[in-house]
Amino acid sequence: MKPTNAYNDYAFEQIEAFLSDLINSDEVDSADIATEINKMTAELEEYHAKKLNKIRKLRASMFNATLNLTTPDTREVLYEEITKSGGIDLI
């Protein structure tokens, strides 16, 4: 048996009440109810997909920023300076 959650119980009660109101209404038919529920679900899915995409971009940016913060090896820096200057002058 799943543990109960007071807020979830309340939310399901609200859904049941709204659905009962719609079913008892003579102004709306079952196809309209189904269509609206499908539209709402699609809108929620789109919203959360955008937020997920934003979070993934943020994580990628943070990862890339972390990579860019690493300092190069001292030997690499020295080698680059030597090759840029044209060699080592020992005298």
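**Surface and pocket of a three-helix chain**

The accessible surface of the protein chain is about 9,000 Å², with 59% of that area on carbon and sulfur atoms (Shrake-Rupley method, 1.4 Å probe; for residues, only the protein chains shown count as cover). This is a predicted model, where local features need pLDDT of at least 70, side-chain atom pairs count only at pLDDT 80 or more, and totals for chains, interfaces and linings use all residues. Residues are numbered from 1 along each chain as its sequence is written, and side-chain values use heavy atoms, with hydrogens and water left out.

Student: What pattern does the protein chain follow along the sequence?

Tutor: The secondary structure comes to 3 helices and 0 strands (DSSP runs, numbered from the N terminus: helices are H or I, at least four residues; strands are E, at least two). Read in order, the pattern is α-α-α.

Student: Is Ile37 buried or exposed, or partly exposed?

Tutor: Ile37 sits in helix 2. Buried means under 20% relative accessible area, exposed over 50%, and partly exposed in between (1.4 Å probe, protein chains only). At a relative accessible area of 40%, Ile37 is therefore partly exposed.

Student: How many nonpolar residues does the lining of the largest pocket have?

Tutor: The lining consists of Ile15, Phe18, Leu19, Leu22, Ile37, Met40, Thr41 and Leu44. Ala, Val, Leu, Ile, Met, Phe, Trp, Tyr, Cys and Pro count as nonpolar, Asp, Glu, Lys and Arg as charged, and the others, Gly among them, as polar. By class, the lining has no charged residues, 1 polar and 7 nonpolar.

Technical notes: On a 1 Å grid over the protein atoms alone, a cavity is a set of points where a 1.4 Å probe fits but cannot get out, and a pocket is an open set with protein on both sides within 12 Å along at least five of seven lines; lining residues have an atom within 4 Å of a point.
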